[in-house]
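Take a look at the molecule below. This report walks through its side-chain contacts, its aromatic rings and one of its helices.

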Amino acid sequence: QTMKTIGEKLLTGKILPKLESPGYCRAMVFRAYEFSRFLTKINVANWLCTGSVLGFVRDRKVIPGDFDIDLAIWHDDIKKIHELPDKIKEKFKIFPWIDICEYVAQGNITYPVADPRMTCEKRFFTDLRKIKFYGCDFYIPRDSEAYLNAVYGPGWKKTITRREYAGKFFVGKFWHTHHGL
């Protein structure tokens with residue numbers, strides 16, 4: 001497919017997830033960047049998490065087969081997003097590209113609202129560093145390798161297939177999709 005066709009699909013929201021071209025990945029990351037900047041303007045702290053951090057640290061790119069950017073916020077801030085006027089929300093019809101992961105902190109532990117079983121240390125989300133991902137500024141945990149080890153275990157540096165991943169991280173009937181490969 002040509003870049004023009006990909007661009008048209010990105011602008012219309014009709015993306016074919018099988019596209020993994022560099023242009024598709026750059027556009028997806030740029031949309032996440034625009035949203036991240038907007039969140040910062042309305043005082044909503046945000047940072048990359050899970051599969052997006054893995055892609056940046058291990059591969060320096062979006063993980064093949066990962067069709068979203070994992071952007072974390074604190075659960076208490078979600079109401080700021082819901083309270084936005086519809087006109088502004090319409091501008092950010094990006095949720096096919098962005099997986100907003102809401103995190104709750106309890107003491108020194110934090111976990112995603114979607115699955116409280118997936119805990120990690122709060123320090124990973126309070127001590128951040130700025131990085132450039134596809135030329136866009138984002139924040140990630142300063143101790144990214146320790147974070148990835150906490151989330152994925154010691155084998156995170158080795159790429160695994162989607163099937164291997166599902167077998168490793170499937171819990172009952174619930175597969176927490178915030179994790180990439």
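The count of salt bridges here is 9. A salt bridge is a side-chain nitrogen of Lys or Arg within 4 Å of a carboxyl oxygen of Asp or Glu. The model is a predicted one: local features need pLDDT of at least 70, side-chain atom pairs count only at pLDDT 80 or more, and totals for chains, interfaces and linings use all residues. Residues are numbered from 1 along each chain as its sequence is written, and side-chain values use heavy atoms, with hydrogens and water left out.

**Salt bridges**

Three of the bridges are listed here with their N to O distances.

| Acid | Base | N to O distance |
|---|---|---|
| Asp 59 | Arg 58 | 3.0 Å |
| Asp 127 | Arg 142 | 2.9 Å |
| Asp 137 | Lys 132 | 2.7 Å |

How far are these residues covered? Buried means under 20% relative accessible area, exposed means over 50%, and partly exposed lies in between (1.4 Å probe, protein chains only). Arg 58 is buried at 17%. Its partner Asp 59 is partly exposed at 24%.

Asp 127 and Arg 142 link distant parts of the chain, 15 residues apart. Asp 127 sits in the loop between H6 and strand E6 (128-133). Arg 142 sits in the loop between strand E7 (136-141) and helix H7 (144-152). Helices (H or I, at least four residues) and strands (E, at least two) are DSSP runs, numbered from the N terminus. Asp 127 is partly exposed at 38%. Arg 142 is partly exposed too, at 45%.

In the third pair, Lys 132 is exposed, with 52% relative accessibility. Asp 137 is partly exposed at 27%. Salt bridges also join Glu 121, Arg 123 and Asp 143 into a network.

**Aromatic rings**

A pair of aromatic rings is described by the distance of the centres and the angle of the planes. Rings of Phe, Tyr and Trp (its six-membered ring) pair if their centres lie within 6.5 Å. Planes under 30 degrees apart count as stacked, over 60 as edge-to-face, and the rest as tilted. By this rule there are 10 aromatic pairs.

Phe 30 and Tyr 33 make a tilted pair, with 5.9 Å between centres and 40 degrees between planes. Both lie in helix H2 (residues 22-41), 3 residues apart, so about one helical turn separates them. Phe 30 is partly exposed at 39%. Tyr 33 is buried at 16%.

Trp 74 and Phe 125 pair edge-to-face, at 6.3 Å and 70 degrees. Trp 74 is in strand E2 (residues 69-74) and Phe 125 is in helix H6 (residues 123-126), so the pair ties together parts 51 residues apart in sequence. Both Trp 74 and Phe 125 are buried. They also belong to a cluster linked by ring pairs, along with Trp 47, Tyr 103, Phe 124 and Tyr 147.

**Helix H3**

How many residues of helix H3 (residues 50-59) are buried? The count is 9 of its 10 residues, so the helix is mostly covered. The buried residues include Val 53, Leu 54, Phe 56 and Val 57. Among the elements that cover them are strand E1 (46-48), E2, strand E3 (98-106) and H7. Contact here means heavy atoms within 4.5 Å.

Just after H3, Arg 60 takes a positive phi of about 60 degrees. The charged end of Arg 60 sits over the ring of Phe 56, 4.5 Å from its centre. Such a charge has NZ of Lys or CZ of Arg within 6 Å of the ring centre and within 35 degrees of the ring normal.
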